[in-house]
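Biologist: I am new to this structure. Please take me through one part of it closely, in short steps.

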Amino acid sequence: IIVILAILLFAKNKFYSTSEENVELEESSEILLEDTGASLSHINVERGNGPEGELLKLPLYYQQDFDDIPYNTGTIATDGNLITCLSMLDSFYNCDFITPSNYLDTYNVSGLIGEDLIAEFGEHNNRQVLKFAFDAETLGFFLVTERREVLVHITHPSIYGTTSSYVIITTCTADGKLCVRDPNEWNIDNYATYSYNDDEPLYDPTVFCEQASGTSEMYIFIEKPK
């Protein structure tokens with residue numbers, strides 16, 4: 001754990017010169033806007049100038065914002081930790097704002113959980129799903145060298161979930177902080193700090209890696225040739 005920050009700092013500075021479930025539910029901020037995706041993101045996401053209008057970063061959706069949307073044996077708020085993560089990735093990969101409720105309306109995934117849900121996500125995005133044991137050095141490699149988003153499944157109780165939890169790590173900052181998309185609003189409110197120049201939520205890498213430990217899992221999604 002002591003070397004985690006050093007690993008991320010070394011990797012970042014080498015390649016850049018600049019900068020489950022049973023979640024604890026807190027009262028979510030009231031949603032007054034129509035479910036348009038962009039309006040429900042809790043961070044501002046700009047579009048690029050390319051022909052597809054790509055999103056420049058992943059939106060942030062909270063599962064607690066969808067407590068009236070049925071999902072499996074409960075609602076997205078209670079059972080939708082993973083599907084909320086996948087909706088953020090789906091938004092990014094498809095250059096559109098796809099909320100968890102949009103995701104359920106678009107794909108036939110009701111009843112799917114865990115690796116079955118992740119495999120289905122890979123299929124409809126034409127991506128190969130690769131799974132790895134959690135390791136700080138491997139995480140740093142994917143974030144910095146490969147410049148890929150990493151879906152982390154913390155498979156045991158931690159500060160991020162009472163039984164298990166999912167979170168996306170998108171990259172790391174120049175000083176080694178982890179840029180996160182955690183679908184549990186309570187976690188962001190209690191554990192995240194923010195980069196000085198925007199609303200990017202950050203987790204302390206030492207705390208995160210201690211909580212994940214070697215028993216957690218990482219998934220990356222590799223584009224298949226078209």
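Biologist: Which residue of strand 9 is the bridge partner of Gln128?

Modeller: The bridge partner of Gln128 in strand 9 is Ile222. Some ground rules come before the rest. This is a predicted model, in which local features need pLDDT of at least 70, side-chain atom pairs count only at pLDDT 80 or more, and totals for chains, interfaces and linings use all residues. Residues are numbered from 1 along each chain as its sequence is written, and side-chain values use heavy atoms, with hydrogens and water left out.

Now the strand itself. Strand 9 covers residues 217–223. Strands are DSSP runs of E, at least two residues long, numbered from the N terminus. Of the 7 residues in strand 9, 6 are buried, so the strand is largely enclosed by the rest of the structure. Buried means under 20% relative accessible area, exposed means over 50%, and partly exposed lies in between (1.4 Å probe, protein chains only).

Next, the partners. Two strands pair if DSSP finds at least two bridges between them. Strand 3 (residues 127–133) runs antiparallel to strand 9, and 7 bridges join them. The Gln128 and Ile222 bridge belongs here. Strand 4 (residues 150–154) also runs antiparallel to strand 9, with 3 bridges. There, Val152 has Met218 as its bridge partner.

Side chains add a link. Side chains of opposite charge can pair when their charged atoms come close. A salt bridge here is a side-chain nitrogen of Lys or Arg within 4 Å of a carboxyl oxygen of Asp or Glu. The structure holds 9 of them. In one, Glu217 pairs with Lys131, and the closest N and O atoms are 3.4 Å apart. Glu217 lies in strand 9 and Lys131 in strand 3, so the pair ties together parts that are 86 residues apart in sequence. Glu217 is buried, at 18% relative accessible area. Lys131 is partly exposed, at 44%.

Last, a pocket. Glu223, a residue of strand 9, helps line the second largest pocket. Other lining residues include Arg127, Tyr93, His124 and Lys224. A pocket is an open set of points on a 1 Å grid over the protein atoms alone, where a 1.4 Å probe fits, with protein on both sides within 12 Å along at least five of seven lines; lining residues have an atom within 4 Å of a point. About 210 Å³ of space lies in this pocket. Its lining has 2 nonpolar, 4 polar and 5 charged residues.

Definitions and conventions. Helix = DSSP H or I, 4+ residues; strand = E, 2+ residues; numbered from the N terminus. Points joined across faces, edges and corners; volume = space filled by probe spheres on them. Nonpolar A, V, L, I, M, F, W, Y, C, P; charged D, E, K, R; others polar.
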